[in-house]
Amino acid sequence: MAKRIIQVEEKVPANLLIPLSIQHMFAMFGASVLVPFLFGINPAIVLFMNGIGTLLFIFITKGKAPAYLGSSFAFIAPANIIIAKFGYPYACGGFVVVGFCGCLLAMIIKKFGTKWIDIVLPSAAMGPVVALIGLELSSSAANTAGILGDNIDPKNVIVFAVTLGMAVIGSVCFKKFLSVIPILIAVVTGYLTAVAVGIVDFTPVLEANFISIPNFQAPKFSIDAILMMLPVLLVITSEHIGHQIVTGEVVGRNLIKDPGLHRSLFADNFSTMISGLIGSVPTTTYGENIGVMAITGVYSVQVIAGAAILSIICSFIGPLSALIQTIPNPVIGGISFLLYGMIGTSGLRILVDQKVDYGKSVNMILTSVVFVVGLSGVTIHLGNISLSGMVLACITGMIMSLLFYIFEKFHLLNEEAIG
């Protein structure tokens, strides 16, 4: 029997809307709250902005692009450096500027089209750059879990192993509804294990007011912090394009043309800009959203909007926000272990999906150099600005791609002249 498909604009009956929306929110929840944990901020503000950002996205794209906006992982590496050097408000300033520049880029794309993006960041460079987002963070997952170093607490190892094991088993073995929320189930299982071994403190939950206001804060701006953050724009742009292409394949529509890449990219970056202005983390179209749609056949933006509204409501419930904050590091580390690996794999998938031809030496060199630059630990200092890891790899890939493109055009012109 064929799976029942609920199309993008289709109205969902009330008796289905709430459970489907809850399911969708749960599927987005696990990965989305990891970013505020890594930044050391209250996840309530993130739940609030994810909901607002998703509703903005649906409105700007005229309800034609089914996407849920969750916390972006692409900003983690530069943001952590900025937070350590300047403080979180300066990271928010970077989010605002990146979001604003992304909106400008969307306007440029509307004017000139999208072909130039393939020149600046072709698939052979884009794939490894996306992969580096996960690979670069792999050691931080182990560090967060408390499984590195000489003095390792066995309790941390137990909680980490249970969490990671449940995430892996759930992703592979769960069926029907459970197959949509393996990350959430892993978090709950890991949390219960942490309670059993005695590493959870419930004091914040007991002290929380039932109704609370998310911790809004204003951004601060530093040119050093902004320049450190700005290269991420290239990565989130390539991620966004990839997400729109894959989503279009799932729902059977060309979302690059309708509602248009300029609309979806503007909506994505406008949400990031607003997030920075209120003290939240950057938002992005979520791969988990694509997975939920592919598994369930539910593409309705009405369901996604319902999930967004539920996320906003949850952000004002004090005990729930406090409970989220009590999740111990080994649980976060266990989930991060899998998710960071999945991000790395998604970069490799770009190379496969785009059928990058490694018989061409240009593609082989691009991918090789980007990977080596990103993983080598090489750092370039420009004044007070340090470029390393994914950021340096992205810039290197862009420069090389442009040079290869110019060389190819120059070579072709010479051949035509000789001919």
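Leaving aside neighbours within four places in sequence, Phe-75 is in contact with eight residues by name: Phe-39, Phe-95, Val-98, Met-229, Val-232, Ile-236, Thr-272 and Pro-282. The model is a predicted one, and Phe-75 is a convenient place to start reading it.

Phe-75 belongs to the largest nonpolar core, which has 93 residues. Phe-75 is listed there with Phe-39, Phe-73, Tyr-88, Phe-95, Met-229 and Ile-335 as the members that touch the most others. Helix H18, residues 329-353, gives the most to this core, with nine residues. A second core, separate from that one, has seven residues, among them Ala-106, Ile-117, Ile-241 and Leu-261. In soluble globular proteins, nonpolar side chains tend to be buried together.

Two of the contacts of Phe-75, Val-232 and Ile-236, lead to helix H13, which covers residues 232-251. Of the 20 residues in H13, 14 are buried, so the helix is mostly covered. The length of H13 can be checked: at 1.5 Å a residue, the helix should span 28 Å, and because its end C-alpha atoms are 28 Å apart, the two values agree. After H13 comes Gly-252, with a positive phi near 75 degrees.

The next step is a pair of helices. H5 takes in residues 88-112 and H14 residues 256-278. Their axes come within 7 Å and cross at roughly 165 degrees. An angle over 145 degrees counts as roughly antiparallel, and therefore H5 is roughly antiparallel to H14. The crossing of H5 and H14 is left-handed.

Note on methods: Residues numbered from 1 in each chain as written. Predicted model: local features only at pLDDT ≥ 70, side-chain atom pairs only at ≥ 80, totals over all residues. Heavy atoms only, no water. Helix = DSSP H or I, 4+ residues; strand = E, 2+ residues; numbered from the N terminus. Expected span 1.5 Å × (residues − 1). Buried < 20%, exposed > 50% of the residue type's maximum accessible area, 1.4 Å probe, protein only. Core = buried A, V, L, I, M, F, W, Y, C linked by side-chain atoms within 4.5 Å. Contact = heavy atoms within 4.5 Å. Axes fitted to C-alpha atoms, helices over the stretch in contact; angles between N-to-C directions. Parallel < 35°, antiparallel > 145°, perpendicular 65-115°, else oblique. Left-handed = near helix turned anticlockwise from the far one by under 90°.
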